[in-house]
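Visitor: Hey, can you walk me through this one? I've got it open and don't know where to look.
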Amino acid sequence: MRAIIVGAGITGPVTAMALQKAGIDAVVHEAYDRTADGVGAYLNLAPNGLAALRVLDIDPHDLGGFDTPALELRGSGGRLLAHLAMGRDDGPGTVSQTVRRSDLYTRLRDEAVRRGIPVEYGKRLVDAAAVPGGGAVASFADGSTAEGDLLVGADGLHSRTRTILDPGCPPPRYTGLLNTGGYASGVSVDAREGVFTMIFGRRAFFAYVQRAPGDVWWFANVPRARAASDDELASWTPDRWRAELERLFADDAGPALELIAATPRVISPWNTLDLPKVPVWHRGPIGLVGDAAHGISPTSGQGASLSIEDGVLLARLLRDHGDPTAAFGAFEALRRGRVEKLIAQAKRTSNQKIPNPLTRVLRDRVILPLVSRAAARSTKDWVTDYRIDWDAPADRLPA
Ligand SMILES: Cc1cc2nc3c(=O)[nH]c(=O)nc-3n(C[C@H](O)[C@H](O)[C@H](O)COP(=O)(O)OP(=O)(O)OC[C@H]3O[C@@H](n4cnc5c(N)ncnc54)[C@H](O)[C@@H]3O)c2cc1C
């Protein structure tokens with residue numbers, strides 16, 4: 001079998017490497033030219049995503065991130081509300097990693113290329129169709145085409161493959177928060193290295209983690225009732241945006257103001273989006289994986305990890321079924337329940353970040369203590385303990 005993969009973000013290269021392990025050739029097609037954006041957001045790779053990478057013999061420590069074993073939730077006055085582990089810390093590579101998106105993209109692509117997988121740049125998918133008699137053909141904006149036995153749409157939250165499969169599919173949903181962040185240097189904070197501190201501020205949510213002394217990564221979620229238009233986002237010049245963040249965090253405990261001041265370039269705000277339900281995941285030999293099928297709010301810390309799980313599981317199913325249509329059907333049957341449950345959970349958690357005097361008391365006095373106690377007691381976590389056994393019998397694959 002030969003696969004056309006659309007998108008060289010996180011899911012595309014991972015899927016290609018997993019297909020190679022399954023004995024299936026793939027070519028990855030990416031819309032953009034090869035540019036490594038050195039500055040940008042960072043993300044969390046959770047133990048479930050790290051475990052899926054290990055199926056492909058990728059050591060999570062080679063991805064440029066750092067261990068993030070726990071997080072603490074605090075109120076605007078500094079009171080500790082909850083302490084949560086991010087993995088079990090029972091061996092190297094078993095706790096969450098925090099990694100710049102650009103590092104993760106670049107390293108996964110480079111590893112795919114090192115393994116002999118072609119990655120073609122400047123290939124923006126405009127159309128795709130099943131070929132009578134079997135296979136799929138992709139058409140790109142530069143006028144070229146590619147043919148294969150199947151097409152995997154790994155083209156992200158604004159997937160073109162998704163609208164080709166279902167022109168009426170709902171667009172991504174705005175979750176009520178703007179996102180921003182930055183990398184502060186030369187400033188120290190009173191927190192253990194790698195432990196995230198997250199503060200439910202009076203007006204907005206602030207989080208930071210010390211990677212090494214003097215090197216602190218932070219993000220902020222700013223509530224906003226409706227999504228900002230492109231013009232509104234562009235109107236936030238770096239100086240205006242910095243001043244707005246200083247205003248938002250002026251009355252909260254914690255080092256937000258110091259960190260913002262010590263950040264050479266605050267990342268411009270963007271709307272936080274998710275995709276609660278994508279009605280059509282596949283048709284014939286064309287199917288979706290990653291954010292294209294199930295964009296999730298970054299609050300979950302799971303977008304990248306779910307995407308990596310997708311790539312590994314789809315490849316295993318293609319190996320087992322030998323037929324793309326059957327494999328995409330089995331993939332949806334195993335995946336839809338898990339990802340939609342997590343997207344809904346992430347949206348509820350996101351809502352908690354929007355300051356509300358009525359729900360604050362419930363959150364701080366009931367919900368978070370309960371979550372904290374349940375997490376400390378639990379021996380198995382349905383999100384982070386998810387594992388794909390490459391060799392297990394088909395009926396033992398996790399849902
Ligand atoms: C700022 C930010 C912070 C995040 N924080 C977290 C976090 O903390 N934890 C976490 O797990 N997840 C986080 N996420 C989500 C995570 O980045 C995504 O879940 C993950 O990148 C999904 O990977 P993907 O490959 O499916 O999509 P993407 O990474 O979006 O990659 C899609 C690729 O497809 C390409 N493409 C798009 N259209 C076409 C086309 N028509 N033709 C060809 N190529 C195309 C794009 O250029 C891109 O390279 C965050 C996301 C953002 C935006």
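Guide: Sure, let's begin around the ligand, keeping in mind that this is a predicted model. Strand 3 (42-45), helix 3 (101-114) and helix 9 (303-321) each give at least two residues to the shell around the ligand.

Visitor: What classes of residue are in that shell around the ligand?
Guide: The shell has 14 nonpolar residues, along with eleven polar and eight charged ones.

Visitor: And which of the 33 residues around the ligand come nearest?
Guide: Those would be T11, E30, Y105, W270 and A304.

Visitor: Let's stay with T11. How far is an N or O atom in its side chain from an oxygen atom of the ligand?
Guide: That distance is 2.6 Å. I10 also has a contact, but through its backbone: an N or O atom there lies 2.9 Å from a ligand oxygen.

Visitor: What about a nitrogen atom of the ligand, which residue's backbone does that sit by?
Guide: That's L125, with a polar backbone atom 2.9 Å from the ligand nitrogen.

Visitor: OK, and how much of the ligand's accessible area does the protein cover?
Guide: The protein covers 87% of the 990 Å² that the ligand has on its own.

Visitor: New topic: strands. Which strand does strand 9 form a hairpin with?
Guide: Strand 10, with five residues between the two. Strand 9 covers residues 125-130 and strand 10 covers 136-140, and they pair in the antiparallel sense over five bridges.

Visitor: So what stands opposite A130?
Guide: A136, in strand 10.

Visitor: Anything to look at in the turn?
Guide: Try G133, which has a positive phi of about 95°.

Key:
Residues numbered from 1 in each chain as written. Predicted model: local features only at pLDDT ≥ 70, side-chain atom pairs only at ≥ 80, totals over all residues. Heavy atoms only, no water. Pairing = 2+ DSSP bridges. Helix = DSSP H or I, 4+ residues; strand = E, 2+ residues; numbered from the N terminus. Near = heavy atom within 4 Å. Polar contact = N/O pair within 3.5 Å; in protein donor to acceptor, adjacent residues only side chain to side chain. Areas by Shrake-Rupley, 256 points an atom, 1.4 Å probe, with all protein chains shown as cover. Nonpolar A, V, L, I, M, F, W, Y, C, P; charged D, E, K, R; others polar.
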